[in-house]
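Dear colleague,

I am passing on the structure we spoke about, and below it you will find my notes on what came out of the analysis. Please read them with the model open beside you.

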Amino acid sequence: MTQNVSVVLAARPNGKPRPSDFELVEETLPELAASEILLKNHYVSLDAGFRNWMDEGSGDDVLPAMPLGAPVMGLVLGEVLASRSPEFAPGEMVMARLAWQQYSITDAGDFLVRLPEKREAPLSYYVGVLGDTGLSAYFGMTDIAKPRPGETVLVSAAGGGVGSIAGQVGQILGARAVGIAGGPEKCARLRTELHYDDTVDYQREADLDSQLRSACPDGVDVYFDNVGGALLENVLEHINEGARVVSCGAVATYGQPSAGPTNLFQLVTKQASMTGFLTHTRADRYPEARAQLQRWINAGQIVVPEYCKDGIEQVGPAFCDLFAGNNFGKTVVRL
Ligand SMILES: NC(=O)c1ccc[n+]([C@@H]2O[C@H](COP(=O)([O-])OP(=O)(O)OC[C@H]3O[C@@H](n4cnc5c(N)ncnc54)[C@H](OP(=O)(O)O)[C@@H]3O)[C@@H](O)[C@H]2O)c1
């Protein structure tokens, strides 16, 4: 009789999530049904985007709204402990969109991606730099932004899971990378630890435009946008002819009334593009993308910051940390 602790959605967050929106619930694991597998989860990945499906009536074409009282949907990294599926064998490691739980029972119909058998990186990297966030940075930069040497790449939420990798990939491709983050300390860490060429502190709202002009004196060729809203509106005023805006996410608008952008006409006058994407739709290319990221890590070209907590009780607070900007790098909880 194995006990399983889950983090359930106790209340729908009002704006930014708070730790009290989440509760721990303990239950006995049921027997496996035919075609199901049992995972022991080693890591929970905290991803700001899941805030989108916590509101009443928020379901869309991608995912349904999360029910109150049910385990919170999210990404986990687990080991197959038992299997009644012909597709998975005990001992295999998978990354899956399931729920914030110590153990998961699922069938192969869910979003499950196998980890390679031979792994060169710590396990946590497979939900970070080699998982959804690093792969978002990789696909957004290499498929959509395609920076050319000497161009300026501007990245918002530059100290987060996606942003910490996006700027470095931009630099590897020959661009100058400028990071936007909240506060002087985080901006300093972007420059010293992640080697961003320059930074912009979005919390200094009064001089945001002059900071953008000073950090991007030749204008912005690529805006890798994780934030959306009013910040996107500000940045659009600084884009160059032919700029590419990559819409990876919009954390400023999750659960908040959206302000802006009201100046999308900038895309017309600058003959610029704005392209959104969903990383999980490129799952067939994960092996190729992971291999390239791994080569860059091995060559010391990518630094991998992690914000790691321990224990299932830390999962809800760690999710809230993403919205308070407490994290630096990919946020994970080790179980
Ligand atoms: N398209 C895809 O397939 C895909 C996949 C994964 C993630 N994403 C998106 O990528 C973005 C980053 O996600 P993540 O999970 O890796 O989170 P994260 O970047 O690790 O953390 C979020 C960061 O956003 C910043 N932030 C929070 N609220 C903000 C606000 N109101 N204005 C400006 N900055 C704010 C905080 O840093 P500061 O201290 O700088 O405020 C925080 O560290 C999200 O928008 C997410 O939805 C998209």
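What radius of gyration would a compact globule of 335 residues have, and what does the chain have? This is a predicted model, and its chain has a radius of gyration of 20 Å, which agrees with the value near 20 Å for a compact globule with 335 residues. The C-alpha trace spans about 65 × 45 × 35 Å along its principal axes, and buried residues account for 47% of the 335 residues in the chain. Of the contacts between residues at least 6 apart in sequence, 66% join residues that are at least 24 apart.

The chain contains eight helices and 15 strands, and one pair of helices deserves a closer look. The axes of H1 (residues 132–145) and H7 (residues 286–298) come within 10 Å and cross at roughly 90°; the two helices are therefore roughly perpendicular to each other. On the H1 side the contact involves Gly134, Leu135, Tyr138 and Phe139, which meet Tyr286, Ala289 and Leu293 in H7, and the residues of this contact divide into six nonpolar, one polar and no charged.

H1 also takes part in the surroundings of the ligand, where H1 and H8 (315–324) each supply at least two residues of the shell, and the largest share, three residues, comes from H1. Of the 32 residues around the ligand, those that come nearest are Gly49, Gly160, Gly161, Gly249 and Gly325, while the shell as a whole divides into 15 nonpolar, 14 polar and three charged residues.

With best regards

Terms used: Residues numbered from 1 in each chain as written. Predicted model: local features only at pLDDT ≥ 70, side-chain atom pairs only at ≥ 80, totals over all residues. Axes fitted to C-alpha atoms, helices over the stretch in contact; angles between N-to-C directions. Helix = DSSP H or I, 4+ residues; strand = E, 2+ residues; numbered from the N terminus. Parallel < 35°, antiparallel > 145°, perpendicular 65-115°, else oblique. Contact = placed C-beta atoms within 7 Å. Nonpolar A, V, L, I, M, F, W, Y, C, P; charged D, E, K, R; others polar. Rg over C-alpha atoms; globule rule 2.2 N^0.38 Å. Buried ≥ 20, exposed ≤ 12 C-beta atoms within 10 Å, placed from the backbone. Near = placed C-beta within 6 Å.
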